[in-house]
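Student: I have just opened this one and would like a guided tour. Could we start with whatever you consider a sensible entry point?

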Amino acid sequence: MGETPNQKKCCEIVVQLLARMANSLPVNEFAPDELDQEKKATDWHVALKGTSYWIEHTQIEPYDGALKGDEKYLRFISQLRMEVTAPVPDHVGVNICVSYKVYDFSSRTINANAREAALRINRIIPLITDLNDDQTYKEISINISGLEIRILATTRTPHGGHTNFTRLSPPALESLRNSRIEKAFISKLKKFQGLPKRNNKAVLALEFSDQSLSSHLLILDAIDQIYQMREFSFDEVFLIDSQPGNWMAWHVVHGTHLRSQRRQPMPTDWYQ
């Protein structure tokens with residue numbers, strides 16, 4: 001998928017985890033793809049106790065196009081946050097759910113569409129927040145230039161008096177997630193073609209940071225299902241959550257087999 005902002009940092013974290021596992025200091029670290037004009041080599045290399053670990057990093061997403069749509073989604077939500085100003089009663093919470101298809105908007109129309117949506121939402125909120133014990137929720141859907149937005153008011157929430165913004169997922173999200181991760185596995189296997197088995201290890205570093213449609217539990221479950229259906233020849237697979245300020249890591253596959261103990265504690269200076 002090409003170099004990403006966290007690619008080098010994720011590779012460095014994997015090196016630290018491998019070094020801790022091997023109880024050895026890393027040597028001979030370099031970026032093979034920087035020496036490969038066709039970019040067919042792996043992203044990073046490290047040697048530990050005479051074994052070469054070839055590390056390939058990739059970002060994973062819940063469905064095709066999610067990463068490309070993230071910037072537009074965040075811009076749209078940011079504009080909504082500024083312009084949705086209708087007051088919400090203390091005993092009610094409002095959830096505004098925006099369709100994932102916000103990526104269909106052109107960059108130049110995002111702010112204008114968000115302002116139009118905010119005008120309509122500000123008119124709707126007073127109409128659906130008059131809730132009581134007999135009616136605990138109301139929901140209205142609107143359409144802005146083909147984009148669905150659902151406005152839900154409910155008394156069954158710990159966020160009384162607040163408006164929250166989330167992303168509506170596509171149908172059959174977990175099936176799409178499994179398919180997308182499997183595609184990533186298949187694609188990255190090509191980077192290790194021709195790698196001698198002796199004293200060489202194929203390492204995959206999976207990164208995610210999407211918090212609205214993903215969690216490590218969902219991703220780990222998807223990996224488990226994929227590995228139950230077919231075998232992959234990765235020697236080590238790591239999952240890294242790069243949520244700003246609170247990175248986490250899991251060692252998912254070791255010696256081509258799924259691990260049961262996965263969470264890998266790491267100091268903050270590894271990612272800050």
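Tutor: Certainly; please keep in mind that this is a predicted model. A convenient entry point is helix H4 (110-128), whose buried residues pack against H3, S4, S5 and S6.

Student: Which residues of H4 are buried?

Tutor: They are Ile 110, Asn 113, Ala 114, Ala 117, Ala 118, Ile 121, Asn 122, Ile 124, Ile 125 and Ile 128.

Student: And how many residues does H4 have, and how far does H4 reach?

Tutor: H4 has 19 residues and reaches 26 Å from its first C-alpha to its last. The span expected at 1.5 Å a residue is 27 Å, so the two values are close.

Student: Which elements supply the largest nonpolar core?

Tutor: At least two residues of this core come from each of helix H3 (66-83), strand S4 (93-99), helix H4 (110-128), strand S5 (137-144) and strand S6 (147-154). H4 gives the most, with 8 residues. The core has 29 residues in total.

Student: Which of those 29 touch the most other members?

Tutor: Phe 76, Leu 80, Ile 96, Val 98, Ile 121 and Ile 149 do.

Student: Take Leu 80. What is Leu 80 in contact with, leaving aside its neighbours within four places in sequence?

Tutor: Leu 80 is in contact with Ile 96 and Val 98, with Ala 114, Ala 117, Ala 118 and Ile 121, and with Phe 165.

Student: Changing topic: how much space lies in the largest pocket?

Tutor: About 270 Å³. Phe 165, a contact of Leu 80, is also one of the residues lining the largest pocket.

Student: Which other residues line the pocket?

Tutor: The lining also includes Asp 70, Tyr 73, Leu 74, Ile 77 and Arg 81, then Thr 166 and Arg 167, and finally Ser 209, Asp 210, Gln 211 and Ser 212. H3 gives the most to this lining, with 5 residues, and strand S7 (163-168) also supplies at least two.

Student: How does the lining divide into nonpolar, polar and charged?

Tutor: There are 4 nonpolar, 4 polar and 4 charged residues.

Student: Now the whole chain, please. How many helices and strands are there?

Tutor: The protein chain has 6 helices and 12 strands. Its C-alpha trace spans about 70 × 40 × 40 Å along the principal axes.

Student: What share of the chain is buried?

Tutor: Buried residues make up 49% of the 272 residues. As for contacts with a separation of 6 or more, 68% are between residues 24 or more positions apart.

How values were computed:
Residues numbered from 1 in each chain as written. Predicted model: local features only at pLDDT ≥ 70, side-chain atom pairs only at ≥ 80, totals over all residues. Heavy atoms only, no water. Core = buried A, V, L, I, M, F, W, Y, C linked by side-chain atoms within 4.5 Å. Buried < 20%, exposed > 50% of the residue type's maximum accessible area, 1.4 Å probe, protein only. Helix = DSSP H or I, 4+ residues; strand = E, 2+ residues; numbered from the N terminus. Contact = heavy atoms within 4.5 Å. 1 Å grid on protein atoms, 1.4 Å probe; cavity = no way out; pocket = protein on both sides within 12 Å on 5 of 7 lines; lining within 4 Å. Points joined across faces, edges and corners; volume = space filled by probe spheres on them. Nonpolar A, V, L, I, M, F, W, Y, C, P; charged D, E, K, R; others polar.
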